[in-house]
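Colleague: I'm new to this one and would love a close look at a single part of it. Could you walk me through the sheet and what surrounds it?

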Amino acid sequence: MRKERLFGKTLNELIAVTKNAGLPGYSAKQIADWLYKKEISSVNEMTNLSKKMREILSDNYDLGLSDPVNVAVSSDGTRKYLYNVLNDKYIETAYIPDHNRATICISSQAGCKMGCVFCMTGKQGFQGNLSSNEILNQFRSLPEFRKLTNMVYMGMGEPLDNITEVLKSLEIMTSTWGYGWSPTRITVSTVGLKNHIGDFLEKTRCHLAVSLHSPFDEERKKLMPVQNTSLIKEILDIIRKTDFNNQRRISFEYILFDGMNDTPAHIKELARILNGIKCRINIIRFHHIPGSEFRSPDNKVVIEFKEALNKKGILTTIRASRGEDIGAACGLLSTLEQNKGVQK
Ligand code: SF4
């Protein structure tokens, strides 16, 4: 029988573990220290717990850490790692070095239910939610773990569709008993789920990025089926009611598709719907995926779009494309790996 995993448990869950195992309450904090502040690889290394306590723990638990199974390395230094999760599924994790920053882009689900038409992960369909252990293992088992300065939940899956495990992982990342990161080093990206976004905004202080891609309802519906159940207007209303202090950032992601969402009418409507929200727009060049008719517009169009939004008073930046030579679009690598499995 597989043992339960200790890594990825919150302090409250570790207290329950110690209670069940008949260990003293204070040992939960000691275990958290070993898990999140020291780099141990087995329960046996928790040397301030008695031998007996370690034996009791090892009988039922292991750490639950696992190395990536594959890596693709880009000429720009970006690395895309493949992790095995949920027994036979694969997820992607990107390591993106950039001057004095080093960002990890992590996945929250295997596959995704949201079905955004421009996304390779969306085409995989949903294969399962990652546990907090599987979410944070991508961070802890990354070979560049010690270099990391920032974390973004922008990999495979919709984080708010796995809100319980994502909130647990954020608690571990930002608590003093956990990794103790400032929440301003972490950004969670979502298509905007009206039933969960309030929870995320209330329970964390992490940055929020909302995938917008079109300010027009009907057009957004065609790109992102979520617009059928969570209108962007409803999401913006929730954001307007939230007290964002100076530290916390809200941004909107906007993938530009040639001849579709890159017109003056889009600029005007974006300025209208975002009026009153202190935010920035991140323009993203579309990374082509197999079988897609979408194209990225010329560089000139991208720059003009950005400048027009800046003129409207919305701080707008163009996100640098990274890892294009290793299939920058999220979901490509894992799809290849999954297909290999099918052919075996
Ligand atoms: S873009 Fe994000 S939310 Fe949409 S299908 Fe892809 S992974 Fe899911």
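Modeller: Here is a walk along the sheet, followed by a few stops elsewhere in the chain. Keep in mind that this is a predicted model.

Let's start with the overall layout. The sheet is open and made of 10 strands, in the order 3-4-5-6-9-10-11-12-13-14, with mixed pairing. Its edges are strand 3 (70–73) and strand 14 (315–318), each of which pairs on one side only. On average, neighbouring strands here are turned by 20 degrees against each other, direction ignored.

Now zoom in on the stretch from strand 10 to strand 13. Strands of a sheet pair through backbone hydrogen bonds, either parallel or antiparallel. Strand 10 (residues 186–190) and strand 11 run parallel, joined by 4 bridges. If you want to find that pairing on screen, look for T187, which stands opposite H207 in strand 11. V188, in turn, stands opposite L208 in strand 11.

Strand 11 covers residues 207–211, and 5 of its 5 residues are buried. In a regular strand the side chains alternate between the two faces of the sheet. You can follow that here: H207, A209 and S211 sit on one side of strand 11, L208 and V210 on the other, and all of them are buried. So both faces of the strand are covered.

Move on to the next neighbour. Strand 11 pairs with strand 12 over 4 bridges, in the parallel sense. V210 is a handy marker, as it stands opposite F252 in strand 12. Strand 12 runs over residues 250–256, and 7 of its 7 residues are buried. I250, F252, Y254 and L256 point one way, S251, E253 and I255 the other way, and all are buried. Note that E253 is on that list of buried residues.

From strand 12 the sheet continues to strand 13 (residues 280–285), again in the parallel sense, over 6 bridges. F252 is useful here too, with I281 as its bridge partner in strand 13. If you click from V210 to F252 and then from F252 to I281, you step across this part of the sheet.

What lies against the sheet at this end? Helix 11 packs on it, touching strand 12, strand 13 and strand 14. The direction of helix 11 makes about 160 degrees with that of strand 14.

Helix 11 has a helix partner as well. Two packed helices are described by the angle between their axes and the distance between the axes. Helix 10 (residues 264–273) packs with helix 11 (residues 299–311) at an angle of about 35 degrees, with the axes 10 Å apart. The crossing is right-handed. On the helix 10 side, the residues that meet helix 11 are H266, I267 and L270, and they face F305, A308 and L309. By class, that contact has 5 nonpolar residues, 1 polar and no charged ones.

Two loops that touch on these strands are worth a stop for their backbone angles. H213 lies in the loop between strand 11 and helix 8 (217–223). Although H213 is not a glycine, it has a positive phi of about 65 degrees. H213 is buried, with a relative accessible area of 4%. L86 is found in the loop between strand 4 (79–85) and strand 5 (89–98). L86 is not a glycine either, and it has a positive phi of about 45 degrees. L86 is partly exposed, at a relative accessible area of 27%.

Finally, a few places beyond the sheet. The residues around the ligand are C112, M114, G115, C116, C119, T121, G122, G157 and V191. By class, that shell has 5 nonpolar residues, 4 polar and no charged ones.

Helix 2 (residues 27–36) is largely enclosed by the rest of the structure, because 8 of its 10 residues are buried. Those buried residues are S27, A28, Q30, I31, A32, W34, L35 and Y36. They pack against helix 1 (11–20), helix 3 and helix 6 (163–174). Helix 3 itself (residues 51–60) includes K51, which counts as exposed at 60% relative accessibility. For a sense of distance, the C-alpha atoms of K51 and T229 are separated by 54 Å, and the two are 178 residues apart along the chain.

Methods:
Residues numbered from 1 in each chain as written. Predicted model: local features only at pLDDT ≥ 70, side-chain atom pairs only at ≥ 80, totals over all residues. Heavy atoms only, no water. Near = heavy atom within 4 Å. Nonpolar A, V, L, I, M, F, W, Y, C, P; charged D, E, K, R; others polar. Axes fitted to C-alpha atoms, helices over the stretch in contact; angles between N-to-C directions. Left-handed = near helix turned anticlockwise from the far one by under 90°. Contact = heavy atoms within 4.5 Å. Buried < 20%, exposed > 50% of the residue type's maximum accessible area, 1.4 Å probe, protein only. Pairing = 2+ DSSP bridges.
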